[in-house]
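Hi everyone, thanks for coming along. Today I'd like to talk about backbone angles, and about a few spots worth finding on the screen. Let's bring up the structure.

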Amino acid sequence: MSAVRQRIGHLGTKSGSHRQRPTEERVDYIEHVFNTYKILTGAPALRGSIAEVGPGDNAGVALLMRKDGCDQVDLIDRFYSERDSELQTRLYEALSSRHNLEEYQLSEPWDEQKLAGIQWTIGIGAEAYFDRIAREKGPAYDYIFSTAVMEHMYDPLGALDSMFACLKPGGKMVHEVDLRDHGMFTPVQPELTFLTIPAPIYRRMTQNSGRPNRILLHRYCETLKAMQRHQSLSYKVLPSALVGVGRVTGRKTFTEIEPDLTDKAISSVDCIRRNLAGEFRAVDSRDLAVAAFHLVIQKEQQNDRRAT
């Protein structure tokens with residue numbers, strides 16, 4: 001049980017570990033995540049201070065952020081993903097050979113705990129970390145990023161509010177949220193089978209397991225609309241996967257995606273709707289049709305607030 005492990009100091013986990021992949025494939029994935037963050041921020045270069053939530057088993061994305069020009073990257077993870085020291089050395093050497101990262105290497109061989117301008121914080125969840133930073137430091141970050149992390153948090157919506165409080169004016173957050181069941185029932189059962197389980201049973205099935213929290217797109221949108229009533233922010237939701245369709249490309253809003261794809265996704269939802277647990281039956285099919293999405297949030301400048 002993940003919560004028990006954390007309380008007794010057992011922070012190791014296989015979650016977030018990509019060590020079984022070939023080195024070149026791991027480097028490709030690091031580049032993909034970094035490039036996605038950069039494209040979605042719209043920034044020519046990432047500057048200032050950055051927090052990356054749930055970096056997994058390496059600091060590769062953080063190194064590319066440093067190379068891009070940022071001053072500091074804080075890596076926050078509730079658990080410590082398992083590593084193999086030899087494979088890690090190969091990974092950092094391969095990444096460095098592509099991007100000339102030697103200036104951030106403070107030890108020989110590579111030691112990810114000794115990287116210039118990169119700081120790890122292990123053993124504290126994002127919910128508690130950003131709440132503490134918001135209270136102690138206030139707006140501390142120019143960017144906050146995560147990939148496939150929010151769906152595992154105990155309180156992602158509360159964390160979202162605390163993260164926003166930690167953003168500097170003009171700062172941005174980018175989160176990819178994966179709403180799929182992470183193999184609980186798929187591929188044997190239909191994709192939304194995990195949404196048919198009544199809430200009390202689902203809580204017992206998944207308590208402290210790291211399984212998806214079933215906080216879906218509509219809940220994020222409700223939270224952000226509520227935040228907009230007393231804070232100056234803008235946001236975009238860009239689906240990255242649809243139910244019954246799989247991954248979608250182009251970084252488009254739901255209404256901009258090809259109608260044949262969205263129609264297929266909505267049809268997949270409608271086929272199982274009568275079996276959904278009570279809390280999901282009234283949710284719009286368009287929201288349930290989104291299996292994963294990028295959430296891009298910007299804290300507006302003070303002068304922008306006066307203009308609205």
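Before we start, keep in mind that this is a predicted model. I have two stops for you: peptide bonds, then phi angles.

Let's begin with the prolines. Which peptide bond leads into Pro109, and is it cis or trans? The bond runs from Glu108 to Pro109, and it is cis, with omega near 0°. To find Pro109 on your screen, look in the loop between α4, residues 85–99, and β5, residues 118–122.

Now move along the chain to Pro187. The peptide bond from Thr186 to Pro187 is also cis, and here omega is near 5°. Pro187 sits in the loop that runs between β7, residues 167–178, and α7, residues 199–206.

Stay in that part of the model for the second stop. His182 lies in the loop between β7 and α7 as well. What is the sign of its phi angle? Phi of His182 is positive, about 55°, although this residue is not a glycine. As for its surroundings, His182 has a relative accessible area of 33%, so we call this residue partly exposed.

The last residue for today is Arg214, which you'll find in the loop between α7 and α8, residues 217–228. Arg214 is another residue other than glycine with a positive phi, in this case near 60°. So is Arg214 buried or exposed? Its relative accessibility is 7%, and the cut-off for buried is under 20%, so Arg214 counts as buried.

That's my tour, so please rotate the model and find these spots yourselves. Thanks for listening!

Notes:
Residues numbered from 1 in each chain as written. Predicted model: local features only at pLDDT ≥ 70, side-chain atom pairs only at ≥ 80, totals over all residues. Heavy atoms only, no water. Helix = DSSP H or I, 4+ residues; strand = E, 2+ residues; numbered from the N terminus. Buried < 20%, exposed > 50% of the residue type's maximum accessible area, 1.4 Å probe, protein only.
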